[in-house]
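The following paragraphs guide a reader who meets this structure for the first time. Please keep the sequence and the model in view while reading.

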Amino acid sequence: MNGLFRNLAAVIAGFVLLAAVTTPQASAETKTLRIAKQFGISYLPLVLLEEQKLIEKHGKELGVDVSVEWLRFTGGSGMNEAILSGNLDFASGGVGPLLTIWGKTQNNFKVKGVTSFNAMPIILNTNNSNVKSIKDFTEKDKIALPAVKSSIQAVTLQIAAEKAFGKGQANKLDSITISLGHPDGQAALLSGRSEVTGHFTAAPFAYDELADPRVHKVLDSYEVLGGPHTYNSVWATSKFHDENPKVIKAFLAALEESLAFIKAEPLKAAEIWVKAEKSKLTPEQAAALITKPENEWTLTPKKIVDYADFMYSTGAISAKPASWKDVFFEDIHHLPGS
C-alpha cells in the first residue's frame with residue numbers, strides 16, 4: 001500500500017511539474033519594454049503612449065504588469081544594432097532600416113515589423129537657388145539625412161536618382177549625402193554657413209525650413225513613390241514577439257487608442273507633443289501639421305513592397321518579400337496593406 005501511495009505521489013508531482021513548465025503565465029513575459037523613438041512630429045503616437053502611459057494601461061487590462069523604458073535615437077542603423085545586441089525590444093523608424101534588418105536576419109533573429117503608425121511625405125529642401133531638381137546638385141552640395149544609404153530618406157533619394165538619371169544610377173547622389181539627425185540637419189541648412197545645402201526630412205522640420213525665404217522644396221516622397229507610403233513603423237525580433245504575446249497585444253491596443261485620440265483631439269494631442277518635446281511650435285501650429293491631409297495616422301503598411309522591390313534590385317537587401325505580410329508579424333495581417 002505504501003508503495004502504491006509513493007507511486008501515486010510521484011505521478012502527481014510529475015503532472016504538477018509538467019503543468020508548471022508547459023502552462024503559459026503572464027509572469028513569463030517581459031517586465032520592462034524598451035522602446036526607441038526618434039525626433040519629429042511623426043512620432044506623435046509614441047509620445048502619446050509615453051505621456052499617457054497607454055501601454056501600461058492596456059497591459060494591466062490583459063494581466064501584464066509592464067513598465068516602459070523610452071530611448072532616443074537619431075537614426076535606424078543605431079537602433080538595429082541595439083535590437084540585435086539585445087539592448088532594445090522595439091525599434092521605430094522608416095521603411096529603409098526596417099527592410100534592411102528584415103533582409104539581414106532571415107536566417108537568425110527573423111526581425112519583422114510589429115506595425116506601422118503613419119503615412120507621411122518626406123521632403124527634400126535646399127537653400128541653393130540654383131537647384132531646381134535633383135539633377136542640379138553638384139559635388140559642392142551636401143544633402144543631410146538621418147542615415148546614409150539605409151534611412152528611408154536615403155532609399156527614396158536613390159529611387160528618385162534612378163528615375164532622374166536612368167537605370168543603374170540609383171547611387172548617383174550617395175557621395176554627397178551625410179548622416180545628420182533631423183534637428184542637426186535643419187540647423188545646418190538654415191545656418192547658411194554649412195556645407196549642407198540640402199536636407200531630406202519630415203514634419204515639422206521640413207515645414208519650418210520652408211518658412212525661410214532662402215529655402216525651397218526640390219521634391220517629396222509622394223511624388224517619387226506615386227502616392228502615400230508608410231513613413232514610420234515599429235519592429236522587433238521574432239523571439240521577443242513570440243515570447244511576449246500579451247505585451248504585443250497591449251502595445252497594439254495602446255497604439256490604436258493613441259491614433260484615435262490624434263484624430264479626435266488633434267489640438268490636445270499637439271499640446272502634449274509640444275510640451276513633451278519642448279518644441280518651439282505652438283500647439284496650434286503643431287495641430288495644423290497633424291491635420292494636414294497628406295499626413296495619415298494609421299496602422300496599415302503602405303507601399304512596403306515598392307520599397308522592398310527597389311532595395312532588392314540594388315542589392316541593399318538579399319531577400320525579396322512576396323507580400324508586405326512577409327515583412328510584418330501576423331497580428332496586423334487583417335489590414336489592407338501593400
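The centres of domain 1 and domain 2, taken over C-alpha atoms, are separated by 24 Å. The model in which they appear is a predicted one. Domain 1 is assigned residues 32-120 together with 229-326, while domain 2 is assigned residues 123-225. To the contact between the two, domain 1 contributes 27 residues and domain 2 contributes 24 residues. In general, the size of an interface is often expressed as the accessible area that is lost when the parts come together.

The space between the domains deserves attention next. Where does the largest pocket lie with respect to domain 1 and domain 2? Both domains give residues to the lining of the largest pocket, and therefore this pocket lies between them. The volume of the largest pocket is about 330 Å³. Its lining consists of 14 residues, and those nearest the centre of the pocket are Pro 183, Gln 186, Phe 205, Ser 279 and Lys 280. Three elements give two or more residues to this lining, namely helix 7 (182-191), helix 8 (205-210) and helix 12 (266-277). By class, six residues of the lining of the largest pocket are nonpolar, three are polar and five are charged.

An enclosed space is also present. The count of cavities of 30 Å³ or more comes to one. The largest cavity holds about 90 Å³ of space. It is lined by 14 residues, and Gln 38, Gly 94, Pro 146, Ile 152 and Gln 153 are the closest to its centre. The lining of the largest cavity has six nonpolar residues, eight polar residues and no charged residues. Because domain 1 and domain 2 both supply residues to this lining, the largest cavity lies between them.

Attention now turns to the sheets. Within the range of domain 2 given above, one may follow an open sheet of five strands, which has the order 7-6-8-5-9 and mixed pairing. Strand 7 (177-179) and strand 9 (216-220) stand at the edges with a single partner strand each, so one side of each is left without a neighbour in the sheet. From one strand to the next, the twist of this sheet averages 30°. Strand 6 (residues 142-145) and strand 8 (residues 196-201) run parallel and are joined by three bridges. In this pairing, Lys 142 stands opposite Val 196 of strand 8. Helix 7 packs on the sheet and touches strand 5 (123-126), strand 6 and strand 8. The direction of helix 7 makes about 145° with that of strand 8. Helix 7 is also one of the elements that line the largest pocket.

Beyond strand 8 comes a loop with an unusual feature of the backbone. Which kind of peptide bond joins Ala 203 and Pro 204? The bond is cis, with omega at about 0°. Pro 204 is found in the loop between strand 8 and helix 8. Helix 8, in turn, gives two or more residues to the lining of the largest pocket.

A second sheet remains to be described. It is an open sheet of three strands in the order 3-10-4, and the pairing is antiparallel. Strand 3 (91-93) and strand 4 (112-116) are the edge strands, each of which pairs on one side only. The twist from one strand to the next averages 30° in this sheet. Strand 3 and strand 10 (residues 233-236) run antiparallel and are joined by three bridges. Ala 91 has Trp 235 of strand 10 as its bridge partner. Helix 4 packs on this sheet, where it touches strand 3 and strand 10, and its direction makes about 165° with that of strand 3.

Helix 4 leads on to another pocket. Helix 4 (76-84) and helix 10 (238-243) each supply at least two residues to the lining of the second largest pocket. This pocket has a volume of about 180 Å³. Among the residues that line it are Arg 34, Ile 83, Leu 84, Asp 89, Phe 109, Lys 239 and Phe 240. The lining divides into five nonpolar, three polar and three charged residues.

One further backbone feature completes the account. Most residues other than glycine have a negative phi, and most peptide bonds are trans. Lys 110, although not a glycine, has a positive phi of about 50°. Its place is in the loop between helix 5 (95-104) and strand 4.

Key: Residues numbered from 1 in each chain as written. Predicted model: local features only at pLDDT ≥ 70, side-chain atom pairs only at ≥ 80, totals over all residues. Heavy atoms only, no water. 1 Å grid on protein atoms, 1.4 Å probe; cavity = no way out; pocket = protein on both sides within 12 Å on 5 of 7 lines; lining within 4 Å. Points joined across faces, edges and corners; volume = space filled by probe spheres on them. Helix = DSSP H or I, 4+ residues; strand = E, 2+ residues; numbered from the N terminus. Nonpolar A, V, L, I, M, F, W, Y, C, P; charged D, E, K, R; others polar. Domains from an automatic or database assignment. Pairing = 2+ DSSP bridges. Axes fitted to C-alpha atoms, helices over the stretch in contact; angles between N-to-C directions. Contact = heavy atoms within 4.5 Å.
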